[in-house]
Amino acid sequence: MGMSNNSYRPLWLKGGLLYAKALKESGYSPVEVGLGERDFYVDVESETSITMSEAEKLIEKVRPEGNVDVRVNAEVSPSTEVPSHFKILNISVHHPDPNRQLVRIRGVAFSSEEQLKDYLSWLEKVSEIDHRILGEKLDLFSFHEESGPGLVLYHPKGQIIRNELMNFMREVNSSMGYNEVYTTHVYRSELWKISGHYDLYKDKMLIFNHEDDELGIKPMNCPAHILIYKSKSRSYKELPIKFSEFGHVYRWENKGELYGLLRVRGFVQDDGHVFLMEDQLEQEVKLLVSKTLDVLSMFGFSKDNVKIYLSTRPDESIGTDEQWEKATSSLENALKSLKQPYEVKEKDGAFYGPKLDFEIKDSLGRSWQLSTIQVDFNLPERFKLEYVDRDGEKRRPVMVHRAIFGSIDRFLAILLENFRGKMPTWLSPVQVRVIPIISEIQDYAMKVMQEFLKQGIRVDLDDSSETLSKRIKGSYDEGVPYIVIVGKREASESKVTLRGRNNVEIRGIPLESAVSEIKGEISRRDVNQTALERLRS
RNA sequence: GCCGCUGUAGCUCAGCCCGGUAGAGCGCUGGCCUCGUAAGCCAGUGGUCGCGGGUCCGAACCCCGCCGGCGGCUCCA
């Protein structure tokens, strides 16, 4: 079964409709049938919940004919084929308004038992690549009841991946002229009152009183960067001024909204702010868009898998018509000059300015919004930002907020799922594992390890007294990209046997070639195992 | 935050319906095997059954509250 379920959607919808009809005939009140990513759903108006066994029993009452009067929420038409094999996956309850309760029954429908079985085992496989499961299995991070929901602790291996991601982003940022800053986590409420977060965002902020001050933990980094901008007078010659920061922010999301690393209460953004003149906007955005696309492609998200949305002025907004017009066309022109297709989301911009959002499609066909480029007229106004122009007059700069990963935490989760835990070598916590076949090879194994270490490659040694098979399996399970096997043969010839992913193995590689090819793969930050490919040819 | 479901060893789970104070596999520790390619064999270790209260002679099991997790709603990086 492929990773895309699109071909089943018409059949599921048909199944959902037939199931809704069976519900109706059994005295329930189905009101809507729709499609989820991996299933159909039927919303039933009901004051009580419906149990799994009740829902399953109704499957027997499904008849291949007839219609039912419900709202349909799907982008496809139901198939003319009639499914015969159903499975109820999940039942949940929600309230569209306080006086109404809808029970949502999720299920799938297929025309053969085999299809259904295949699909269920696929679903099971998919659940194994859930980043929450992988994170635990690979010993990357954990959550604890004692620390609090939505607050993650990274283990040594998780932190290696985060550091790699941040180092990479440091290079990207500096190539665009950003200067990295560090700003504290706690600020007087005064700052949040000026920025407007206090009024707009207060319920999501952590605010506390201490001594005579009221203080708040930052939910965003921009006000801090603004203070740095304001620390001295700025000339038009300096603009654009660009600050970047791996800013650790806290947003007290509602408990029900938390979801592994994809939705946490404390996370790190690869944040950046640009202070510039309006006529520098287009140029800057162009740079950002092309860099962003470059970065995403480094992780295998090619142009075809990236969608850009341009959000325009909403009804409620600040700033002049002229400013909006200018900013929006700057964004648009940047995209056009890069020949980059995009979609417009009318009136979906922030109240303070238009924005571009980047959405990627992962290898499971799911979409994630990652990068964002937002123009802001509001904060420069609120903080009365200025620069001295050529004519000596003080003028107000425009600000751009931008993040490419978005959140390091979230990006890590998406990568984990996208690569099913088998991260590219440069991101792998252990890049090479040396396995000596028998203990007499110990000395050579140590020498091999040293050679990798000298090149800064993360290598370890598994000389435990387990069988070769077991140690190889263990390495695969941990997602180690390269296994170097050494036995008597290799030791006598200064060679190694190299094992990559997918059971690919090459014997008799000179040690130096293995080291240098793997080093090359890592420093190029290749997504695929190019060292293996090169050594094989 | 709201609604539903759920919580047993480090992990995955059985036992709960029909109350008599816990069991498997993996892991971990030790031993055997000195081994050439995705789980070798044997033994041992491991749990205030999420927390608190109630019912009962007796609670993992029944009831209530709280906390965490999951699935939705809403929201978002």
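**Exercise 1. Determine the residue classes on the surface near RNA strand B, and find which element gives the largest share of that surface.**

Solution. In this predicted model, the surface near RNA strand B divides by class into 19 charged, 16 polar and twelve nonpolar residues. The next step is to list the protein residues themselves: 47 residues surround RNA strand B, and the closest are Lys255, Arg263, Glu490, Arg499 and Glu505. Of the atoms of RNA strand B that come within 4 Å of the protein, 47% belong to sugar and phosphate. Finally, the largest share of this surface is that of H14, with six residues.

**Exercise 2. Describe the contacts that Arg104, Arg489 and Arg499 make with RNA strand B, and state which elements give two or more residues to the surface near the strand.**

Solution. Begin with the phosphate: one of its oxygens in RNA strand B lies 3.3 Å from a polar side-chain atom of Arg104. Turn then to the bases, where an N or O atom in the side chain of Arg499 is 2.4 Å from a base oxygen of RNA strand B, while for Arg489 a polar backbone atom is 3.2 Å from a base oxygen. The elements that give two or more residues to the surface are strand E4 (85-94), helix H4 (131-137), strand E17 (367-376), helix H14 (468-477), helix H15 (488-493), strand E24 (495-499) and strand E25 (505-510).

**Exercise 3. Work out the strand order of the eight-stranded sheet, and place helices H5 and H12 on it.**

Solution. The eight strands follow the order E8-E12-E13-E20-E17-E16-E14-E15 in an open sheet with mixed pairing. Strand E8 (179-180) and strand E15 (343-345) are the edge strands, each of which pairs on one side only. At the E8 edge, two bridges join E8 to strand E12 (residues 241-250), and the two strands run parallel; within this pairing, Ser244 in E12 is the bridge partner of Glu180. Helix H5 (residues 156-175) lies across E8, E12, strand E13 (266-276) and strand E20 (398-407), and runs at about 145 degrees to E20. Helix H12 (residues 408-418) also packs on the sheet, where it touches E12, E13, strand E16 (355-361), E17 and E20, and its direction makes about 40 degrees with that of E20.

**Exercise 4. For the five-stranded sheet, identify the edge strands and describe how E2 and E5 pair.**

Solution. The order is E3-E1-E2-E5-E4, in an open sheet whose pairing is mixed. Strand E3 (71-73) and E4 each have a single partner strand, so one side of each is left without a neighbour in the sheet. With direction ignored, neighbouring strands are turned by 25 degrees against each other on average. Further in, strand E2 (residues 40-45) and strand E5 (residues 102-110) pair in the antiparallel sense over six bridges, and Tyr41 stands opposite Arg106 in E5.

**Exercise 5. Place H1 and H3 on this sheet, and explain what the pair of Trp12 and Tyr119 ties together.**

Solution. H1 lies across strand E1 (29-35), E2, E3, E4 and E5, running at about 175 degrees to E1. H3 packs on the sheet as well, touching E4 and E5, with a direction that makes about 45 degrees with that of E4. The structure holds 20 aromatic pairs. In one of them, the ring centres of Trp12 and Tyr119 are 5.3 Å apart and the ring planes stand at 65 degrees, so the pair is edge-to-face. Because Trp12 lies in helix H1 (residues 9-25) and Tyr119 in helix H3 (residues 113-128), the pair ties together parts that are 107 residues apart in sequence.

Notes: Residues numbered from 1 in each chain as written. Chains lettered and ligands numbered in written order. Predicted model: local features only at pLDDT ≥ 70, side-chain atom pairs only at ≥ 80, totals over all residues. Heavy atoms only, no water. Near = heavy atom within 4 Å. Polar contact = N/O pair within 3.5 Å; in protein donor to acceptor, adjacent residues only side chain to side chain. Helix = DSSP H or I, 4+ residues; strand = E, 2+ residues; numbered from the N terminus. Nonpolar A, V, L, I, M, F, W, Y, C, P; charged D, E, K, R; others polar. Pairing = 2+ DSSP bridges. Contact = heavy atoms within 4.5 Å. Axes fitted to C-alpha atoms, helices over the stretch in contact; angles between N-to-C directions. Phe/Tyr/Trp six-rings, centres within 6.5 Å; stacked < 30°, edge-to-face > 60°.
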